[in-house]
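Reader: Hi! Could you walk me through this one?
Author: Happy to, let's look at it together.

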Amino acid sequence: MGQIQGLKKAIRHDPNINRFASLAGYCLPRLPKASANYLAAKVPITQWITGYSLAWLWSDLVAGITIGILLVPQSLAYAKVAEIPARYGLISSWLPTLFYTIMGTSKDVTAGPTAIMGLLTGEIVTDLVAEGYSAGAIASAAAFWVGVYSLILGLLRLGFLLDFIPLPVLSGYVSGAAITIVLQQLKGLFGEGKSADDTAGVIRVFFQRLPNTNWRAFLIALSGIILLLGLQYVGRKWGKAHRSLWYLSISRNALALIIFTLISWGVNKSRPNDPLFGISQVTGAGIIPPRKPDSNLLLKVAGRSVAVFIAAALEHLAIGKAFGRRHGYVIEQDQELNYIGLVNLFGSFFTCMPVTGGFSRTAVNSESGVKSPLSGLGTTACVLVSIYKLTDAFYWIPSATLSAIIVVAVWQIIVPFQVFWHYWKTSFADFVGSMVAFWVTLFVDVEIGIAAAVGYSLVYILLHLAFTQVTMVTRENLSELYPPYSSSSSLTNPSTTLTLPEDTMVFMLRDSILYPNAARTALEITNYIYSYSSGAHEKPSTTMDGPQNNTQGKSTERLWNDTKLRHIRNLRKEAGTSNSEESFLPFVRTVIIDMTRVTHVDTTGMQALADIRSALKDWAGTDAELTFVGLNNRVKERFRRAESCFDESSGEGEPRDGGYIVFDALQTALYSPRSEDVKGTQNE
C-alpha cells in the first residue's frame with residue numbers, strides 16, 4: 001500500500017508528466033480550430049485569392065505565357081539530361097505550375113524539370129534501365145520517392161533540417177553538377193555517340209572520338225549557341241529600354257527550337273530513318289494515362305532517390321528565399337516542401353520525372369512583372385497546347401540544338417571563381433566544404449557529391465559543438481571579460497572593485513553543455529585546474545624527476561594503470577608552470593563556472609559537471625567548492641530536476657545508483673552578484 005502511495009506521489013510531482021498534462025490542457029480545447037488553420041495553410045490560394053486585384057490579371061497572363069514559351073524547350077532539353085525520351089520532359093511540365101497556383105507561397109517561383117534534377121535522375125535511369133525497366137518508369141519512381149520524402153518533412157514541419165547545409169557547400173555542389181552536365185552534352189554538340197558515365201571517362205572518350213565529329217551537328221550546335229548568347233546579350237544590353245527586345249531575348253530558346261527544327265525538317269523529311277544528324281524523334285501526343293508505379297522498382301529506387309529529394313528541396317527553397325528577399329516577402333518553407341511532395345507524388349502516376357523550382361525561369365518570371373502564383377495557369381495552358389498540338393513537329397528537333405540550349409542555360413548557374421575566393425578569405429572551413437562538394441561531385445559521382453556535402457555539413461556542426469570554447473579567467477583578462485561598469489554581465493557591480501583571489505579559479509563557458517561537448521568541457525576545465533593549481537596533498541619539493549605529487553596516496557594504493565602524475569607533468573610543461581620551493585602553485589579552494597552563455601544542459605552535460613566536481617574534490621580536498629553563476633531559468637530547472645534523483649539523506653551529496661551528485665548551493669562569485677542571482681539559486 002505504501003508503495004502505491006509513493007508511486008502516486010511520484011507521478012503527481014513528476015515534472016515531465018506535469019508538463020504533458022499542462023500542454024494537453026492548453027492544446028486540446030484549441031485542437032479543432034488549429035486543425036482547420038493547419039489544413040487551410042496547405043492551400044494558400046484560399047488566403048489571397050479574395051484580395052486579388054483584377055489589375056494584376058494582365059501582368060500574370062503575360063508572365064504565364066512567357067514562362068510557357070521558355071518552359072517547353074527547356075523541358076525537352078532536360079529530359080535529354082535525364083536519359084528519358086523528350087516527350088516525358090514535356091509531360092512533366094504541366095502539373096508543377098498548375099499545382100503551384102494553388103499551393104505556392106511565392107509569386108515568382110516556377111517549377112518544372114531542371115538540369116540538376118535531370119542529371120540525378122539520369123544516373124538512376126542509366127543504372128536501372130539495363131535491368132529491363134523503361135526509362136520513364138524509373139524516372140517516375142524517383143519522382144514518387146521525392147514526393148514522399150518532401151511530404152514527410154513538410155507535414156511534420158521539419159524543413160528546418162535542410163538549413164544544416166550551408167551556402168558554401170551548396171555552391172560547390174551546384175557548380176560541380178553544372179560542369180558535369182556541360183561535359184555530358186559534348187557528345188550532342190559534336191554529334192558523337194554514347195559517352196562514358198564518369199567525368200574523366202567523358203573527357204577521354206570525347207578526345208578519342210573528336211576526329212569522327214559529325215560536322216553538320218557541330219555547325220547546328222555552334223550556330224545555336226551563338227544565337228542564344230547573342231539574344232541573351234541583346235536582352236541584357238537593351239532589354240530594359242526596349243521591351244520588345246527583352247521579350248525577344250527571353251524567347252530565345254523557343255526561337256532557336258523553331259529555326260533549327262524547320263531546318264532539320266527541310267533536310268531530313270525525305271530520310272526520316274537516316275537523318276543527316278541526330279534528331280529528338282519525339283512521338284506520341286497527349287498526357288499518358290495514370291498508372292501505378294512498379295512496387296519492385298520503387299524498392300530499388302528508394303535509397304537513391306534521397307539525393308534527388310535533397311537536391312530538389314535545396315534548389316527550390318534557395319530560389320524561393322532569394323527572390324523573397326529581393327521583393328520583400330518570406331516564403332513558407334514547410335509549405336513549399338508540401339508542394340514539392342504533392343506535385344512529385346501525383347506526377348509519378350503520370351510518368352513524370354522529378355521536378356522542382358528553376359532559377360532561370362523564376363528570374364524571367366520576376367522580370368516579367370508577375371503579381372501572383374495565378375500566372376501558373378497561363379504556363380499550364382501553353383504546355384498543354386504543346387503536348388496535344390505540337391508533338392509531331394517536335395519529332396524533327398536536332399539533338400545538337402537541345403544540347404546547345406542545355407549548355408547555355410546550365411553555364412549560368414556555375415558559381416564564379418570570385419565566390420570561392422571570398423569563401424577562402426572569410427572562412428577556411430567553408431572553403432574546404434565547398435571544395436569537397438565540388439570535386440567529389442565532379443569526379444566521383446553526383447549522388448556521392450551531395451552525400452559528401454551533407455556529411456561534411458553535419459560533421460562540421462558536430463565538431464564545432466564538440467570543440468566548444470572554455471575560457472579561464474585570469475587577472476590579465478578579468479577586466480576585459482567582466483567590465484566593471486557594464487550592465488550586460490550578471491556578475492557586475494559598479495560599486496565593487498574586481499578581484500580574483502589566489503585560491504579561486506573562474507571559467508567562462510561559451511556554449512551549451514550537450515552530449516557532443518560535455519566530456520571535452522569537463523576535461524578542459526580539470527586540465528586547467530591541474531595546470532595552474534596545486535593539489536591538497538602536493539608539497540613543494542624538487543627532485544631529478546621534477547615535482548612530486550602524492551594525490552593518489554601511497555604507491556601500493558594507487559591504480560595499476562594510473563598515469564595521472566605523468567599527465568599532470570605534461571600539462572604543466574605545456575602551460576609553462578611548475579612547482580618548486582621558489583615558485584609554488586597556489587592551492588585552489590573555489591572553482592566558479594560562469595554559465596551566463598549556457599542556454600541548455602542535457603543529461604550528459606549534467607554528468608560532466610558532476611565529474612568536474614568529483615575531480616575538484618579529489619584534487620583540492622573535500623572542502624573545495626564548485627560554484628555555478630549566471631544560470632538562466634531553464635538551466636536552473638534542469639539542476640533542480642537532477643537533484644530530485646538523489647538520496648537527500650546522504651548528506652554528502654554522493655551519487656546513488658550511478659545517479660548525479662547534489663551540487664553545492666550557488667554562492668559568492670567574483671564579487672557581490674545581483675541579489676536575484678543569489679536568491680534564485682540558494683536551494684540548488
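**Salt bridges and a buried serine**

Author: With 12% relative accessibility, E447 counts as buried because buried means under 20% relative accessible area (exposed is over 50%, partly exposed in between; 1.4 Å probe, protein chains only). This is a predicted model, where local features need pLDDT of at least 70, side-chain atom pairs count only at pLDDT 80 or more, and totals for chains, interfaces and linings use all residues. Residues are numbered from 1 along each chain as its sequence is written, and side-chain values use heavy atoms, leaving out hydrogens and water.

Reader: Which side chain meets E447 in a salt bridge?
Author: That of R304, at 2.6 Å, N to O. A salt bridge is a side-chain nitrogen of Lys or Arg within 4 Å of a carboxyl oxygen of Asp or Glu.

Reader: And which residues are joined into one network?
Author: D127, R304 and E447, through salt bridges that share partners. The D127 and R304 side chains also meet at 2.6 Å, N to O.

Reader: How many salt bridges does the whole structure have?
Author: A search finds 6, including one between R271 and D274, with the closest N and O atoms 3.1 Å apart.

Reader: Switching topic: is S512 buried or exposed?
Author: S512 counts as buried, at 13% relative accessibility.

Reader: What does its side chain make a polar contact with?
Author: The side chain of T599, at 2.7 Å. A polar contact is a pair of N or O atoms within 3.5 Å; within protein, one must be able to donate a hydrogen and the other to accept it, and residues adjacent in sequence count only if both atoms are side-chain atoms.
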